Amino acid sequence: MIDQIKKTASHTLVYSLGNLSTKIVGLLLLPLYTSKLTLLNYGRFTILEVTMTFLTMVLGLRITSAMMRWSAETNDENEQGKILFNTYFILVINGVLINIIASPLKTDLSYFFFDSTLYENFFIIIFAIVSWESLNQVPMNLFRFKGQPVLYSTVFVSKLTIVLLANIFFLVYLDSGIIGIFYSQLIANLLVLIFTFPVLVRKFTFKYDFTLLKEMLVYSIPLIFSAISVQLLAIADRFIIKQLLDYTEVGIYSLGSKIAGVLNVFVVQAFSLGFLPIAYKMLNDPNADVFYRKIFKYLALILVFVALGLSLFSKELLLLFSGKEEYIQAYKVVPFFTIAFVFKGLQYMFMLGFHYVKKTKYLAYIIGFILVINIALNYLLIPIYGILGAALATVISSLLIAFISYYISEKFYPVKYEIGKMMLVFLVGIIIYLVPALFKFNNFYLQ
């Protein structure tokens, strides 16, 4: 068990170092975006970006989750190769259909988002990115399953480097605005697709299996609905802010989310990348529940510690990396987002039981239910508290998902996590955050 904890920690660290490039690139691009885009256009870009993320999650069918789950049940490389081939095959077909169907809708989509037909070419590029990004999830998840975090991170960092260089070219030298940002992502995804395909071909067992695909889709389709709800939870507040307030407030709110996103990228995502393949392989281990309890305790401590640091220094981070005074006020929403990400991280532990017993439909039920509550809270709180109301709705929603998931999952796969200790750590973190509010210094470095 100690070896598994060390393996989880080491894999999480490697993925976190790989994900470090995400934030480095994000911080490097932030001054570029704020100097080359008006706050209005930054808000427009944010809406398009979260929409693209939503489409990738949904139209990717979540089939790579099923790929890992089914591969964990066999050590036969030919069988794993067949699972891999069928996963890639269905995503190729899906990608072709996405672009065929989406092309005639570009004008309607442009008018829906921006009340103008000037942006219709954006959506052609976005759907191409979505289809290629979905295909690229296959090799990336294969690297995760095979326990190759260094290879995963190398490909990931290379892709981000291409995005960074292409953004500089399109925004600085060509001054192409928002469209240049999406061109950069298109080029990066195409290059990853080209260079990882030969790796996949060597591992393919070229045998189409309809029964296998049907079983995998039965597992993954509920994950699509939960992914829809998750992404709607992530973007619905932006659209409601746009409706009730304006694009300027969307930009400020989204910027605060990006600062808090350091916690999501470095800890939550890195942990999920490293932990889930190991968890699948421990399916029948008699000490699995003890392993999960220990991982949960360490994870809760790290999440709260990083959330506290980001919340305390969010204003200073914005002062350092944003060149415009109008962006600084985003610091107000950062503590809310960090709390939400703490509970998001814990959700990965609580939801594990659903994956083990292949009851993924409950994930769709839970997140769909919370989505309705979240939308209602946004409409209730935003008119009163502005973007702080939207941030508060996000915290409440994340808290509800975590605890409902825990309550139901325990019935299928009881682990008995130490919830009391987690809440104590969380409470101490809040107290530590509130204490510095009593002491303010005018000097930036002293503060």
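How far apart are the end C-alpha atoms of helix 17, and what should its 16 residues span at 1.5 Å a residue? The close-up views below, all taken from a predicted model, begin with this helix.

**View 1. Helix 17, residues 419-434, and its expected span.** At 1.5 Å a residue, the 16 residues of helix 17 should span 22 Å, and the end C-alpha atoms lie 23 Å apart, which agrees with that expectation.

**View 2. The buried and the exposed residues of helix 17.** Ile 419, Met 422, Phe 426 and Gly 429 are buried in helix 17. Because these residues cover an arc of only 85° around the axis, they are placed on the same side of helix 17. An α-helix has 3.6 residues a turn, so residues three or four places apart point the same way. On the other side of helix 17, by contrast, Gly 420 and Leu 424 are exposed. The cover over the buried residues of helix 17 includes helix 11 (288-312), helix 13 (334-350) and helix 16 (387-412).

**View 3. The packing of helix 11 against helix 17.** Two packed helices are described by the angle between their axes and the distance between the axes. For helix 11 and helix 17 the angle is about 15°, and the axes are 10 Å apart. The two helices, helix 11 and helix 17, are therefore roughly parallel to each other, and their crossing is right-handed. On the side of helix 11, the residues in contact are Phe 296, Ala 300, Leu 301, Val 304, Leu 308, Ser 311 and Leu 312. They meet Ile 419, Met 422, Val 425, Phe 426, Gly 429, Ile 432 and Tyr 433 in helix 17; among these, Ile 419, Met 422, Phe 426 and Gly 429 are the buried residues of View 2.

**View 4. The packing of helix 15 against helix 16.** Helix 15, which runs over residues 361-385, packs against helix 16 at an angle of about 160°, with the axes 8 Å apart. Since angles over 145 degrees count as roughly antiparallel, helix 15 and helix 16 are therefore roughly antiparallel to each other. The crossing in which helix 15 passes helix 16 is right-handed.

**View 5. The packing of helix 2 against helix 8.** The axes of helix 2 (residues 39-59) and helix 8 (residues 178-203) come within 10 Å and cross at roughly 30°, which makes helix 2 roughly parallel to helix 8. The contact is made by Asn 41, Arg 44, Phe 45, Leu 48, Glu 49 and Met 52 of helix 2, together with Ile 178, Ile 181, Phe 182 and Gln 185 of helix 8. Helix 2 passes helix 8 in a right-handed crossing.

**View 6. Asp 175 and Lys 416, two loop residues with a positive phi.** Asp 175 is found in the loop between helix 7 (149-173) and helix 8, and has a positive phi of about 50° although it is not a glycine. With a relative accessible area of 55%, Asp 175 is exposed. Lys 416 has its place in the loop between helix 16 and helix 17, and its phi is positive, at about 60°, although Lys 416 is not a glycine. At 60% relative accessibility, Lys 416 counts as exposed.

**View 7. Asn 121 in helix 6.** Helix 6 covers residues 120-145 and holds Asn 121, which counts as partly exposed at 46% relative accessibility. The C-alpha atoms of Asn 121 and Ile 179 are separated by 8.7 Å, while the two residues are 58 residues apart along the chain.

Note on methods
Residues are numbered from 1 along each chain as its sequence is written. This is a predicted model: local features need pLDDT of at least 70, side-chain atom pairs count only at pLDDT 80 or more; totals for chains, interfaces and linings use all residues. Side-chain values use heavy atoms; hydrogens and water are left out. Helices (H or I, at least four residues) and strands (E, at least two) are DSSP runs, numbered from the N terminus. The expected span of a helix is 1.5 Å times one less than its number of residues. Buried means under 20% relative accessible area, exposed over 50%, partly exposed in between (1.4 Å probe, protein chains only). The arc is that of the directions from the helix axis to the C-beta atoms. Contact means heavy atoms within 4.5 Å. Axes are lines fitted to C-alpha atoms, for helices over the stretch in contact, and angles run from 0 to 180 degrees between N-to-C directions. Angles under 35 degrees count as roughly parallel, over 145 as roughly antiparallel, 65 to 115 as roughly perpendicular and the rest as oblique. A crossing is left-handed if the near helix is turned anticlockwise from the far one by less than a right angle, and right-handed if clockwise.
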